[in-house]
Amino acid sequence: MKSYFDEQNLSKTHGQETQPVKNRHFLKTFFALFGLGTVGIIFLVPALIPLIESQLQTLPDAPDIPVVVLVLLSLINPLILLVAAVVVGLVTAPKTGLISHLYFQINRKADDPKKGSFKQAVPIGIMAGAGAAALVFVLDLVFQPYLPGALQMSRESRNLLNTLSGIFYGGITEELLLRWGLMSLLVWGMWKGFQRSRSAPSAAVFWIAIAISSLLFALGHFGATALAVPMTTAVWTRMMLLNGLVGIVFGWLYWRKGLEIAMISHAFFHIAMTLFIVVWFLI
């Protein structure tokens with residue numbers, strides 16, 4: 001049986017093998033996360049088709065391009081952003097203490113005891129998603145009298161199509177973009193820029209990164225909202241407040257419990273929102 005020191009000497013002797021192993025783990029993790037994000041992007045397609053068709057009808061000189069081609073072209077930007085986010089997260093997140101349970105598994109590392117195991121954290125993610133949905137549902141009821149018809153709550157406002165889009169694109173792809181990519185970069189950048197002497201980022205850095213990424217998450221809904229309705233004060237306030245609040249929840253979960261728990265919470269948020277609205281209109 002080899003002693004600890006024998007193993008250490010062996011690893012030093014064959015140190016040149018460690019970098020290829022790291023590269024393989026990096027690539028495996030990249031393709032795993034990119035594959036998950038791509039699944040989310042695919043679930044955008046059913047929602048994009050009617051949107052693009054309606055936009056073409058409003059153009060006086062609409063291009064003579066098949067809708068399928070336009071849909072595929074519209075997926076290029078999300079795919080590019082996804083690649084960038086996955087790479088940025090892989091470079092920055094492990095250095096800051098932000099984790100992905102999938103990353104740990106591929107890199108054969110034990111779960112961070114401070115964040116708990118994946119199985120232990122799943123109920124927290126589900127409950128947080130349901131709680132966020134309940135809060136957003138109540139607040140949205142308050143906004144209803146001040147919103148245009150397209151944003152009025154109805155049985156049709158949460159159908160199977162947009163629920164699936166929320167679960168997969170919102171729950172997977174948006175979390176990779178906003179949390180794994182952007183939030184990790186913000187934490188790493190502020191840590192290296194303002195707290196270089198510390199061995200790890202402070203809680204304040206994480207909270208600032210959560211707030212900024214949540215703000216940008218809310219602003220990211222501007223395009224779809226502006227296409228649907230005029231951007232009145234009430235519409236702006238609702239968009240920023242409701243999306244900002246859930247962004248804070250998902251950002252906190254990413255920080256404390258890991259990326260996949262934030263994904264589960266985001267996905268369950270959309271499931272719970274659909275259930276709340278369906279039950280509301282059945283009563």
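Reader: Which residues in α9 meet which residues in α11?

Author: In this predicted model, Ala 203, Phe 206, Trp 207, Ile 210, Ser 214, Leu 215, Phe 217, Ala 218 and Leu 219 are the α9 side. They meet Trp 236, Met 239, Met 240, Asn 243, Gly 244, Val 246, Gly 247, Ile 248, Gly 251, Trp 252 and Trp 255 in α11.

Reader: What makes residues of this contact nonpolar, polar or charged?

Author: The class follows residue type, and Gly counts as polar. The contact of α9 with α11 has 15 nonpolar, five polar and no charged residues.

Reader: Why are α9 and α11 called oblique to each other?

Author: Helix α9 (residues 203-219) and helix α11 (residues 233-257) pack at an angle of about 140 degrees. Roughly antiparallel needs over 145, and roughly perpendicular covers 65 to 115. The angle falls in neither class, so the pair is oblique.

Reader: How far apart are the axes, and what is the hand of the crossing of α9 and α11?

Author: The axes lie 7 Å apart. The crossing is right-handed.

Reader: How many helices and strands does the protein have?

Author: There are 12 helices and zero strands. From the N terminus on, every element in the run is α.

Reader: What percentage of the 283 residues count as buried?

Author: The share is 40%. Buried here means under 20% relative accessible area.

Reader: What supplies the exposed area of the protein?

Author: Carbon and sulfur atoms supply 69% of about 15500 Å².

Reader: Which box do the C-alpha atoms fill?

Author: Along the principal axes, the box is roughly 70 × 45 × 35 Å.

Terms used:
Residues numbered from 1 in each chain as written. Predicted model: local features only at pLDDT ≥ 70, side-chain atom pairs only at ≥ 80, totals over all residues. Heavy atoms only, no water. Axes fitted to C-alpha atoms, helices over the stretch in contact; angles between N-to-C directions. Helix = DSSP H or I, 4+ residues; strand = E, 2+ residues; numbered from the N terminus. Parallel < 35°, antiparallel > 145°, perpendicular 65-115°, else oblique. Left-handed = near helix turned anticlockwise from the far one by under 90°. Contact = heavy atoms within 4.5 Å. Buried < 20%, exposed > 50% of the residue type's maximum accessible area, 1.4 Å probe, protein only. Areas by Shrake-Rupley, 256 points an atom, 1.4 Å probe, with all protein chains shown as cover.
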